Amino acid sequence: MSKRNEHTPNQTCLKQRGTMLSSIKLPIVIRAEINLVLVVLTALGVFSRLYGIHFPKAVVFDEVYYGQFVSLYMKRVFFIDESGPPLGHMILAFGAYIGGFDGNFIWNRIGAEYSSNVPVWSLRLIPALAGSLSVPLCYILVVELGYSHLTALGATLLFLMENSLIVQSRFMLLESVLIFFLLLAVVSYLRFHNSQSSSPWRLVWLLLTGVTCACAVGVKYMGLFTYLLLLGLAAVHMWQLIGDRALSNSVILVQVLTRFLALVVLPLLLYLGFFYVHLTLLYRSGPHDQMMSSAFQASLEGGLARITQGQPLEMAYGSQVTLRSVSSKPIPCWLHSHKANYPIRYENGRGSSHQQQVTCYPFKDVNNWWIIKDPGRQDLVVSSPPRPVRHGDVVQLLHGMTSRFLNTHDVAAPMSPHAQEVSGYIDFNVSMPAQNLWKVDIANRETEQEVWKTILSEVRLVHVKTSAVLKLSGSALPEWGFRQLEVVGDKIYKGYQPTGVWNVEEHRYGRSQEQKERELELHSPTHIDINRNLTFMAKFLELQWRMLTVKQETSEHKYSSSPLDWITMDTNIAYWLHHTGNAQIHLMGNLVTWSLGNLALMGYLLLFLSYLLRRRRKIEDIPEDTWRQLLLAGVVCAGGWAVNYLPFFMMEKTLFLYHYLPALTFQILLIPVVLEHVHTHVLRCTSHRRALHGAVLAGLSSVYLTFWKFSPLTYGHPELSAEQLDSLRWKDSWDVLFRRH
Amino acid sequence: MAKKECVTKCKGESSMLRNRRGELQIGEPKSPVSTHHESTQDSSKDNRLSEGDDQSSNGTLAQYDHNVYSPNNETQSTVYFLVVVLLSFSTRFYKIKEPPHVCWDETHFGKMGSYYINRTFFFDVHPPLGKMLIGLAGYMTGYDGTYPFLKPGDKYEHHNYWGMRGFCASLGSCLPPFAYLTVLDLSQSSTAALISAAMLVFDTGCITISQYILLDPILMFFIMGSVLCMVKFNLQISRPFSAPWWLWLVLTGVNLSGALGVKFVGLFVILLVGLNTTWDLWRLLGDLDLSLVDFGKHFLSRVFGLIILPLFFYVTIFAVHFVVLNKSGPGDGFFSSAFQSRLIGNNLHNASMPEYLAYGSTITVKNLRIAGGYLHSHWHLYPEGVGAKQQQVTAYLHKDYNNLWLVHRPNDSNGEPDLVRHGDVIRLEHKETTRNLHSHRHEAPLTKKHFQVTGYGINGTGDPNDLWQVEVCGGRKGDLIKVLRSKVRFLHRATGCVLNSSGKTLPKWGWEQVEVTCSPYLKETPNSQWSIEDHINTKLPNISLAVLKPHFIEILLESHIVMIRGNSGLKPKDNEMNSKPWHWPVNYQGLRFSGVNETEYRVYLLGNPVIWWLNLLSLGLYLVMVAAASLALHRGVQLDKRRIERCRVLREGGGLLLLGWLLHYVPFYTMGRILYYHHYFPAMLFSSMLTGITLDTLLQSADLVLDPPYSYWLFKGGKAMLFLTILYSFYLFNPLSYGMRGPLAHDPASTMAGLKWMDSWEF
């Protein structure tokens, strides 16, 4: 561990962190070595990120978004958030747990004052700590890349004085946590790669890489990009290892296997673990239940589970059921009918059958109840013993409240004229016979004789006469249909479409033959008991799938921006404005650092390309080792920037400036790396080097001055006057708010 | 692993001892990529040798090796080639006239071919070359351009449609021969080439897509042409700057411009050629025997042949397009006023109208953004939750009477024909619905930072929010507003925002027209500048106006932006079943070309499932094989020359084809536009060629598990089995292309009964 000290140029950094067992012989001595510079930097990091984080005592920007999930965690209520995997929310919720938050706060408005039961300090503590600890990680990362401690110091100072990173760390937001994990993952991989193959720490670093990668992906999907970059790097290193013919096949096999387990299998298991904890914590039903399948909902306490508890499992003739469409697009809904007929003529002049409307209705309602009837018999009660309905059976469906049969015929549907109209049959005596026989086709059957089951069976209802399939068309009916969703018979139904599949959600055996009694029965809640459990994997797959496919609203936000605005920081986000004064907090970077970062990136590309082409012509400007070092720094820093930035160009979701912060972190690290390279290998003349020293000092001081100038907008304190605010508006496109008194 | 390698090695050595030709090859110093010239010599030698062997046929093992490993026999490959050409043309031209009605997208591309014959201007999201060639083919074969191509299923009657179909079919027939030649050059194995060609010849999908008036056969012709020329060019490596070297270079360039000229999908093959060329140059740069001057020559000649020349051809295509289409037609509204003035019959061609905007005039207002629409309103309200529930105001690309607006003074509705001046406050009344152009502090539907623009009031009476101040860009107070020429901005009096068209497409409730907003950002951008296009005022004299004739480069740029906008505007509809990219390689679902019901003549575009699934399998197999080969080479396992050569073919030839497949397939995952099954066909060509190389290498590697005589039998037997399977599957599935009648496949009485292997197929 301590070998790094030998080439320490800085006299102040005395010794290393970490411990070393000097020998096995007694007495056991632990020699601690501490890098004072690192300690000082960490302290500065903690100070800059943690200082006064309980201010402002109001909801700041996306806290309003994450806060609701934290509250739900505290209340153990199930939710779906499509923005990312659960680890990030859980970490924030852990802060709330330490602070003893009871979850009672209404997160509805940015700028709303926190009530006294909200532990603001501990809610913001964990992101702030993550942000602080990223500071020393930057230092270690640059050192691990093989650059000098002075360079590392420079990188860390730039990182320290980056206003945007400070702002993002000081509130209950996830980016700082993500950046922390990303840096830790890279550092531990580099440690692993640089350490001696015999060192026992090597395996620890490898495992830590896997763990932190999983955490990064678990906090935000975005972590995946850096994870893939590291995997790519690991693959290249492994390929080099395989090419080493001095090693035996078995040694290589062991190496390959270890890396595969640590970098692929371990993160996968951990990712599953996050969901396991998530689902274990959240066992109560809540506002997002309806997005999930009936079976999933039944596994939650309260909600559907309360309703469906004790329902009979097997469908029988005479069963009273509600049929839910398996597709939750556009919204989850139940097959419905009501006492209103299709208009004789539609607006566009087409005619209808004028029979009773059948729709899909997104709310629980007594009109959602249907009775399964045997076409061959008259009775509407379940016989004893019940006769189960199986796959392939032909049934009639009777609407409970109006006693109309579910019917479809060769009349064009109101909104989707290519499909058949579905109606509750009324005999107008106009030679339009009833066509109300439906074949039960269980889509997820295991045997051909399978019984139709509550919740579990996904059923297609195939019309016997026309072989049309009962299906949700996706369009909504106009005013005459009360804007409910259209249900049609689809003649050209093919494959598996969730819109054409239904499941029974509520179910009970019908007991009364009389219409009046039956209506009473329909109004009463269901009862009886059976237990249904989904396995964890089934729940995980369903939840993950829903999270990835939930339709995100791509509407524009007042502060949303496009990726092109980010590099030059043409945009900012107003996070908070004092409700009376001009004190305000903005997500706004240090413009000097951002420009330096862009310059460094261009400089790096220029250097890289010229070396690459000249080396191809066997002109060696720099020694092989330096070239490798430059290459590795490029992969980590420039590559880290690219993978965290470029994919946003292909995304269609609403984007904000804070999405750029991980990319920015890597870009900042590149600045001193390029400078050191230029200093040692490009500039030959001492006077040029002196000029560079001067430029570096000037750059650092202007970074510091900019940081200081914008710090009122970073910390929200002190309050500035309108003129001062106006003088901070360096770009026309920045939105700086001020109140005119 | 280790054990297997050892076996290989030992066997390799023993077979070398037995094999004279093996020694011969070792003896010959050869560059890693054998040149065409050399290989011909080589093969003639092999020929002689193997003939000799045949004569002295005494059952020695060497003979098997010869037949297996010297398949690059010239007469044999010529015969194979001719067979491929013959089969290819006959399968594509068989029943070319059937069905005698419009099938699927013929309704578009046939129509566009007719537009060329009639010289009518139209708009399409694809570049013009494909449609131009269709038009030309129709013209040459006597089609007069009068058939309307209204909708699929319309009978052609007496119209001459077979010329256009035949043209497409003949280009489509070139694909298998091209594949044959490409694979032959990549692998030096006629077996591999024959497998690839057979996969394409007997693929029902390739046949169907080649038989109709579509862009795809033309596109694929150019794609395959580029690849073939590129491969041929690569073979000229040892003879730079010779005549054939230049020929193949230039031909590659020409084909590239052709591919891009038909559809933007051509970009992918350009990328493939670009990567190949970069790799080539990288190799040359590393060759220290080559001076930098020579390298410069190499570099510049490629820049000329692969960038400048194609660009020139591509631009020429557009020049021809604009020269041929000089009459006004359905595409006018998509283009700027200046562009429209070029078209005979357009109201802006030799336009004549009052020169300065006046009160009481009826006008259309066009946004100055490229492909910006006309200010438009209609009898529909913004839906609940989208700002105020007032009448929609949008931008619309087509010419329509709903684009007409009346210019009024703030108060009276029928003023004198006084001229409007810079700085005047006006009211714009929508002619059809008599609502005023109105804005207020509500969020715009899509661009939330802007304000909503609506139609408000009845019969011209509204409120102060209906007032707009007219400004001419760069003008001063009192300046007149010139029709067509002046760039005008409309500033909202009450909120100070400026009328703006964001270019975003509204959802269904807005009829997928373009959003119009009022922007609080006053920077002058084309989005917030408008021009007065039509100007009708009976009280003023009409004056002949010369509209600025646009420069050719401007037209070119404009038409490209319009095309790209059009392409990204093709969004999938919510409740339609969309084809997804993962469907394609598994042959999940085809496309109905003609007919739905039992009584109709049905043609269904679906790949021969046996061939497609074989392709899918081979992709996996290829990855495994190439990984094994690379590992063996990287670990320094001793392999004999032949096996090394096979590894090279697998890695270089196969790698090129895999790259082609990836480039033509993966980008579709990132596309937001609506996708169709037939988008996979270019990728399928690469996949089939890769299959040829993979399966050939696999069969040739039979000696890894079996001793020579048996391995040879396995090779032959496997080859025969493969061809028989392909043929039999073609026998089974050919009605998909050549037409089916009678009951659908789920009916036991159908001719296709039992062949509906996947529920998602619709035949």
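**Entry 1. A salt bridge in chain A.** I looked up Lys220(A) and found its side chain in a salt bridge with that of Glu175(A), at 3.1 Å from N to O. The model is predicted, and I keep that in mind for every entry below. I then placed the two partners. Lys220(A) sits in the loop between α8 (201-219) and α9 (223-242) of chain A, while Glu175(A) belongs to helix α7 (residues 175-194) of chain A, so the salt bridge ties together parts that are 45 residues apart in sequence. A search of the whole structure gave me 29 salt bridges over all chains.

**Entry 2. Disulfides.** How many disulfides does a search of the whole structure find? I got two over all chains. A disulfide is a covalent bond between the sulfur atoms of two cysteines. I followed up the pair Cys333(A) and Cys360(A), whose sulfur atoms are 2.1 Å apart. The torsion about the S-S bond of this pair is about 95°, so I note the disulfide as right-handed. Cys333(A) lies in the loop between β1 (319-325) and β2 (334-341) of chain A and Cys360(A) in strand β3 (residues 356-361) of chain A, so the bond links parts that are 27 residues apart in sequence.

**Entry 3. Backbone of chain A.** I checked peptide bonds next. Phe55(A) and Pro56(A) are joined by a cis peptide bond with omega of about -10°. I located Pro56(A) in the loop between α1 (36-50) and α2 (63-74) of chain A. The loop between α1 and α2 of chain A also holds Phe61(A). For Phe61(A) I read a phi near 35°, which is positive although the residue is not glycine. Another cis peptide bond runs from His717(A) to Pro718(A), with omega near 0°. Pro718(A) is in the loop between α19 (686-715) and α20 (722-727) of chain A.

**Entry 4. MIR annotations.** In the unreviewed UniProt entry for chain A, I found "domain: MIR" at residues 312-375 and 386-443. Residues 386-443 of chain A are 40% strand and 0% helix, and their end C-alpha atoms lie 23 Å apart. For chain B, UniProt (unreviewed entry) puts "domain: MIR" at residues 354-410, 417-473 and 478-535. I computed 42% strand and 0% helix for residues 354-410 of chain B, with 22 Å between the end C-alpha atoms. Residues 478-535 of chain B gave 43% strand, 0% helix and an end distance of 20 Å between C-alpha atoms.

**Entry 5. Transmembrane annotations, chain B.** UniProt (unreviewed entry) annotates "transmembrane region" at residues 245-275, 303-324, 610-633, 654-674 and 720-738 of chain B. I checked the secondary structure of residues 610-633 of chain B and got 100% helix and 0% strand, with end C-alpha atoms 33 Å apart. Residues 720-738 of chain B are 95% helix and 0% strand, and their end C-alpha atoms are 26 Å apart.

**Entry 6. Where the chains meet.** I counted 32 residues from chain B and 31 residues from chain A in the contact. About 2500 Å² is buried between chain B and chain A, with carbon and sulfur atoms giving 52% of that area. Which elements of chain B give two or more residues to the side that touches chain A? I found α14 (266-286) and α18 (609-634) of chain B. The largest share, five residues, comes from α14(B). By class, this side of chain B has 11 nonpolar, 10 polar and 11 charged residues. I found zero salt bridges across the interface of chain B and chain A. Polar contacts across this interface come to 12 residue pairs, counted with both residues at pLDDT 80 or more.

Notes. Residues numbered from 1 in each chain as written. Chains lettered and ligands numbered in written order. Predicted model: local features only at pLDDT ≥ 70, side-chain atom pairs only at ≥ 80, totals over all residues. Heavy atoms only, no water. Contact = heavy atoms within 4.5 Å. Buried area = accessible area lost by both parts, 1.4 Å probe. Salt bridge = Lys/Arg side-chain N within 4 Å of Asp/Glu carboxyl O. Polar contact = N/O pair within 3.5 Å; in protein donor to acceptor, adjacent residues only side chain to side chain. Helix = DSSP H or I, 4+ residues; strand = E, 2+ residues; numbered from the N terminus. Nonpolar A, V, L, I, M, F, W, Y, C, P; charged D, E, K, R; others polar. UniProt positions renumbered as here; feature names shortened; annotations may be inferred. Disulfide = S-S within 2.5 Å.
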